[in-house]
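Reader: Hello! I am new to this structure and would love a friendly guide. Could you pick a single part and take a close look at it with me?

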Amino acid sequence: MSESITTAASTADQNGAVPGEPVKKDENSRRGNWGNQIEFVLTSVGYAVGLGNVWRFPYLCYRNGGGAFMLPYFIMLVFCGIPLFFLELSFGQFASLGCLGVWKISPMFKGVGYGMMVVSTYIGIYYNVVICIAFYYFFMSMTNLLPWTYCNNPWNTPDCSGVLGGGSYRFNGSLANATTSLVAGVSEVVNRTKRTSPSEEYWKHYVLNISDDIGNFGEVRLPILGCLAVSWFVVFLCLIRGVKSSGKVVYFTATFPYLVLTILFIRGITLEGAVNGIKYYLTPQWHKVLDAKVWGDAASQIFYSLGCAWGGLITMASYNKFHNNCFRDSIIISITNCATSVYAGFVIFSILGFMAHNLNVPVSDVADHGPGLAFVAYPEALTLLPISPLWSLLFFFMLILLGLGTQFCLLETLVTAVVDEIGTDWIIRNKTIVTLSVAIVGFLLGVPLTTRAGIYWLLLMDNYAASFSLVVISCIMCICVMYVYGHKKYFKDVEMMLGFPPPLFFKVCWRFISPLIISFILIFTVIQYKPITYNNYVYPGWSLAIGFCMAMSSVICIPVYALYKISRSPGATFRERLKFACRPHPSWGPALQEHRIGRYASLASEDTVESRPLREKQELKEEQKGELKEELKEDEEDKERRDEISLTIQGSNGSTNTQNNPNPSA
């Protein structure tokens with residue numbers, strides 16, 4: 001016994017546990033834990049740091065005042081980003097449950113958890129399609145000459161104009177014969193409105209073979225479909241053993257993108273014109289700080305880039321050991337996420353500055369965001385570099401890893417919610433089957449996005465499925481925890497878990513500042529709303545209606561489930577039912593009995609099955625059944641032994657009696 005304890009103590013990782021606390025390999029042996037704290041931090045960094053850090057933040061920064069944008073950005077990080085991040089991590093870690101199970105804190109609000117699941121489903125479907133396109137570009141970069149370098153391909157149009165060796169465009173005669181700089185400048189602007197780059201035509205006419213309307217699906221693009229299958233297969237393999245396998249994979253997927261970013265950064269700043277791009281990225285325009293739109297963009301970027309209200313943070317934290325210092329983790333991960341965004345801006349704009357210098361155009365003419373940056377502008381810039389296939393391979397491999405880090409958590413969020421909700425021994429033992437089932441369903445739902453109209457639907461989902469609904473979900477979560485459950489009780493819960501109460505700053509942010517900022521983001525989103533467009537294509541009204549339905553589908557879960565819960569609650573009046581539905585479930589609190597102290601100790605000491613969580617009920621029932629079977633077995637064995645003894649005695653007496661009495665029955 002002492003030898004096994006010594007071995008466990010030497011091999012187990014404390015994962016931030018309180019010194020002196022007994023250390024076990026898996027604190028929650030039934031559900032599992034992270035192998036160590038580093039795995040959790042790397043997974044959370046991979047989840048928070050995604051494609052948006054590379055293709056959205058740099059664009060927002062230069063558009064909203066360059067270096068001046070950093071001021072509202074970091075203010076929003078301090079007053080909204082880090083507090084919300086800490087709230088979700090502490091929420092999931094305290095209960096050791098996913099985004100559905102944690103709502104035992106106030107069962108009426110379980111619809112918030114279902115809303116998180118709906119949002120994660122939408123994002124998981126289209127996010128993997130973006131990853132699969134990055135896979136496709138990665139495979140196409142395995143060549144001596146990138147296929148989007150020149151205009152001499154079957155898919156190119158007469159409007160295509162590539163970059164010549166001297167760094168100038170293949171201009172038409174009117175521009176070439178221009179005699180004054182003014183005429184040259186005007187002609188260049190006019191010509192650039194007609195010109196399409198080889199990378200743009202490769203993207204539109206070859207990779208996507210894009211249709212003319214969102215309703216015109218056309219055929220499935222088989223190369224993209226194959227890459228989608230590869231992408232889902234990779235995600236499934238990395239999650240085949242849940243956090244045990246994904247926790248090992250993130251050592252590579254969460255760290256290697258930083259190596260690639262550094263390589264691209266070093267290469268970028270050595271190029272001619274790179275300084276101009278970086279200046280364009282960082283030069284402060286302080287007058288824009290007074291613009292409300294700049295603050296709205298900063299708040300929105302912080303909120304969306306950290307992954308708040310997706311359910312992933314709660315899920316990842318639920319696999320922590322109970323006494324892990326999630327306060328420290330939340331600060332480390334949030335700052336790392338924002339620092340990565342700033343760093344990625346240098347990488348992007350150094351290359352774009354070089355491209356603008358070669359083309360003799362302003363940086364603003366080549367700057368872009370979203371798929372336009374990842375699959376058009378940046379790939380074209382890479383064709384200007386020596387050994388361009390190498391840089392292309394590195395860039396798209398980085399995009400793949402950034403996307404996979406987020407996708408791991410999205411899939412694990414859905415799987416954990418299903419497993420926690422059902423909670424039977426079979427579902428826990430066969431979690432791999434649940435993971436495979438979710439992956440297959442996700443692949444099938446992503447097939448329409450690989451058709452010729454797929455890019456229209458992808459952007460529709462990106463703009464509507466996870467926009468204002470996330471803001472509503474996060475706001476209601478703050479209200480539920482702070483005001484329905486009670487801020488004093490939650491502060492005590494956090495103190496019981498961490499060993500110290502939340503700092504005063506976080507208490508104030510959770511109760512007042514963060515909900516106000518979230519409300520500001522919601523109002524800003526509504527005011528700044530514009531119907532979605534893609535290049536010159538305007539989405540029809542029916543498609544926008546579908547987009548609004550997707551946005552509402554996650555929010556509608558909240559009132560629908562609340563009404564359902566109230567209707568099923570006991571009580572003579574509506575007020576009594578409402579009060580009962582808001583009351584924490586008896587099993588709310590730490591998952592393990594050893595951690596149920598203080599006001600949770602009375603629940604832990606009761607032996608009634610009703611006061612236990614579902615998994616503990618089943619364990620208790622199984623133990624009782626086992627004890628009953630053992631008792632019955634022992635009774636049967638005792639009875640058999642008594643029968644054998646009596647038969648032996650009767651047999652010896654019976655032989656004598658038979659001799660004396662010819663009638664045995666007598």
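Author: A residue is called buried under 20% relative accessible area, exposed over 50% and partly exposed in between, with a 1.4 Å probe and protein chains only. By that scale, F79 is partly exposed, because its relative accessibility is 31%. Let's make F79 and its surroundings our starting point.

Please keep in mind that this is a predicted model, in which local features need pLDDT of at least 70 and side-chain atom pairs pLDDT 80 or more, while totals for chains, interfaces and linings use all residues. Numbering runs from 1 along each chain as its sequence is written, and side-chain values use heavy atoms, without hydrogens or water.

F79 sits in helix α5, which spans residues 70-95. Helices here are DSSP runs of H or I with at least four residues, strands are runs of E with at least two, and both are numbered from the N terminus. On the surface, F79 joins L71, I75, V78, W286 and F505 in a nonpolar patch of about 510 Å². Patch members have over 30% relative accessible area and no salt bridge, and nonpolar side chains (Val, Leu, Ile, Met, Phe, Trp, Tyr) are joined within 5 Å, whereas like charges are joined within 9 Å. A salt bridge would be a Lys or Arg side-chain nitrogen within 4 Å of an Asp or Glu carboxyl oxygen. Helix α5 contributes four residues to this patch, the most of any element.

Now let's see the wider setting. The chain has 29 helices and two strands, and 55% of its 666 residues are buried. Its accessible surface (Shrake-Rupley method, 1.4 Å probe, with only the protein chains shown counting as cover for residues) is about 29100 Å², and 64% of that belongs to carbon and sulfur atoms.

Inside, the largest nonpolar core has 195 residues, and F91, Y137, W203 and Y539 touch the most other members. Such a core is a set of buried Ala, Val, Leu, Ile, Met, Phe, Trp, Tyr and Cys residues joined through side-chain atoms within 4.5 Å. Beyond its neighbours within four places in sequence, Y539 is in contact (heavy atoms within 4.5 Å) with residues including I214, I455, Y456 and L544.

Finally, the structure holds one disulfide, a pair of cysteine sulfur atoms within 2.5 Å. C151 and C160 form it, with their sulfurs 2.0 Å apart. The link is left-handed, at -70° about the S-S bond. C151 is buried at 16% relative accessible area, and C160 is buried at 7%. C308, by contrast, is in no disulfide, its nearest cysteine sulfur being that of C80, 6.9 Å away.
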